[in-house]
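Trainee: I would like to learn how to read surface, burial, contacts and empty space in a model. Please take them one at a time.

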Amino acid sequence: MIKIVHFVNQFFAGIGGEDKASLAVSTSDSNIGTSRALAQKLGDHAQIVRTVYVGDNYFHEHKDEALKEILGVTRSAEPDVLVAGPAFNSGRYGFACVEICNAVANELGIPALTAMHDENPGVALYKEFLNARLFCLPTTESTTGMNDAMTRLANFAVRLGRAEEIGPASKEGYIGRGIRRLVKADRTGAARAVDMLLKKIAGAPFETELPMEEWEDAPAAPRLGNIKDSNIAVVTTSGVVPWGNPDKFKTYRNTQWRKYNIAELKELEAGKWEAVHGGYNVAYMNQNPHYGVPLDALRGLESEGEIGPGKLYPAYYVIPGNQGSPAVMRRVGQEIAADLKKDNVQGVIFVAT
Amino acid sequence: MSKELEKAGLPVALISAMFPVAQQVRANRIVKGVSIPHPCGDPNLSKELDTRLRREIIRTALKALESDVDRPTVFSPDAAMGG
């Protein structure tokens, strides 16, 4: 029989509400709280061998410790599948479910399954993890959908326990993770693309094979009052770095940024700088690094008074942007923003390749 | 990345040759770059014209930073060059 460990928070374990949110990691080997409902749906196909539960606040305030403990008590129950939740629209719970599923899937090498409302912040984390062993089913916003969520969790968990092949999100009903799969098609890409185009022209519905990531709107930052009085910095994804690439940037999928001093420089001399980037032909940039870091023009405008004296930040920021994941780039953007603000920079010229 | 800078309250002039992509990902102040391998200038021009073009691109970026925008807006350096 398939063995399942079920993770829930203190509320769904039936221990208590906010007053019990500091509860440390606990376990029960007889079905408590919502584990009973899940066990009922699983019927004879699978057995919940352990319920692991923790207070919402405890998990977030002692995350490393809590994860370690949860991994321990999960491992010792030797499950085939971990099920966490459903968390509906509870943010702390949703986050915990995804964190725990991800950790268990990675450390124990077993599939992990959770469920929550698609606007639960845990879903963003789930998409960030891009973990092929981790699945999240959509639920209603509130617990009114409990019965349905439990039915679907049970069915899916049994399939995972049987190591059944799980198809794409659109067919299987889990929330898409953005993992690209290789599949064999019986017609060439050209023929499929023309088909799609014809459908699009005819105004008929069609299904893209490569959905684009959805982008959130960020409101524009307020304009600079007077550019001459503003501190300006250059940030670039061109990959222009000192010759020899001292910080060993890769040509793709970088995760760290650097800043390089230009305080004493009037221009970037060819041969002293190079572009490290696997996504475009770097020959032009190597001949003239100003295509990525336009220091000559900035110094010129500084001497003409269009940029105030000493207002150009004495270093530029760089990360080669090639194949950078949106999640990494967001984090890098946040880190650079914090560094710029610390030094009172007010506006950014961003050169993207 | 540029959106995180904007979220932190720093206006960003995004110089990019892929300005339709920049618009699609909803960057706010977009400056048309020349081409992907050389956004700030054009190696096909003489050194002098190339330098002048780069100066115009950066002036356009400064202008963009001084401009109020409420949606993705493309600033074109060609117009600023005035021949």
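Trainee: How much area does chain B expose?

Mentor: Accessible area is computed by the Shrake-Rupley method with a 1.4 Å probe, and for residues only the protein chains shown count as cover. Chain B exposes about 3,500 Å², with carbon and sulfur atoms supplying 50% of it. For chain A the exposed area is about 17,300 Å², and carbon and sulfur atoms again supply 50%.

Trainee: What should I know about the model before going on?

Mentor: This is a predicted model, in which local features need pLDDT of at least 70 and side-chain atom pairs count only at pLDDT 80 or more, while totals for chains, interfaces and linings use all residues. Residues are numbered from 1 along each chain as its sequence is written, chains are lettered from A and ligands numbered from 1 in the order in which they are written, and side-chain values use heavy atoms, with hydrogens and water left out.

Trainee: What is the secondary structure of each chain?

Mentor: Helices (H or I, at least four residues) and strands (E, at least two) are DSSP runs, numbered from the N terminus. Chain A has 11 helices and 12 strands. Chain B has four helices and three strands, in the order α-β-α-β-α-β-α along the sequence.

Trainee: What percentage of each chain is buried?

Mentor: Buried means under 20% relative accessible area, exposed means over 50%, and partly exposed lies in between, with a 1.4 Å probe and protein chains only. In chain A, 48% of the 353 residues count as buried. In chain B, 51% of the 83 residues do.

Trainee: And what share of the contacts is long in sequence?

Mentor: Contact means heavy atoms within 4.5 Å. Take contacts in chain A with a separation of 6 or more: 72% of them come from residues 24 or more positions apart. For chain B, 45% of the contacts between residues at least 6 apart join residues at least 24 apart.

Trainee: Where does A:Pro86 lie, and which residues does A:Pro86 touch?

Mentor: A:Pro86 sits in the loop between strand 4 (81-84) and helix 4 (91-108) of chain A. A:Pro86 counts as buried because its relative accessible area is 2%. Leaving out residues up to four places away in sequence, its contacts include A:Phe12, A:Tyr93, A:Met146 and A:Leu153. A:Thr143 is 57 residues away in sequence, yet the C-alpha atoms of A:Pro86 and A:Thr143 are 8.8 Å apart.

Trainee: How do I read a helix?

Mentor: Start with the repeat: an α-helix has 3.6 residues a turn, so residues three or four places apart point the same way. Then check the length, where the expected span is 1.5 Å times one less than the number of residues. Helix 11 (residues 326-342) of chain A has 17 residues and reaches 24 Å from first C-alpha to last, close to the 24 Å expected. Its buried residues include A:Val328, A:Val332, A:Ile336 and A:Leu340. Among the elements that cover the buried residues of helix 11 are strand 7 (232-236) and strand 12 (347-352) of chain A, and helix 1 (2-7) of chain B. Just after helix 11, A:Asn344 takes a positive phi of about 60°.

Trainee: Is A:Asp339 in helix 11 buried or exposed?

Mentor: A:Asp339 is buried, because its relative accessible area is 13%. Beyond neighbours within four places in sequence, A:Asp339 is in contact with A:Trp257, A:Lys259, A:Tyr313 and A:Tyr317.

Trainee: How is empty space found?

Mentor: Rolling a probe the size of a water molecule over the atoms shows where empty space is left. On a 1 Å grid over the protein atoms alone, a cavity is a set of points where a 1.4 Å probe fits but cannot get out, and a pocket is an open set with protein on both sides within 12 Å along at least five of seven lines; lining residues have an atom within 4 Å of a point. Grid points are joined across faces, edges and corners, and a volume is the space filled by probe spheres set on the points.

Trainee: How many cavities of 30 Å³ or more does the structure hold?

Mentor: One. The largest cavity holds about 40 Å³ of space. Its lining includes B:Ser2, B:Glu6, B:Val12 and B:Arg29, and helix 1 of chain B gives the largest share, three residues.

Trainee: How much space lies in the second largest pocket, and what lines it?

Mentor: About 230 Å³. Of its 18 lining residues, the closest to the centre are A:Asn288, A:His290, B:Lys47, B:Thr51 and B:Arg54. Helix 3 (residues 47-65) of chain B gives the most to this lining, four residues.
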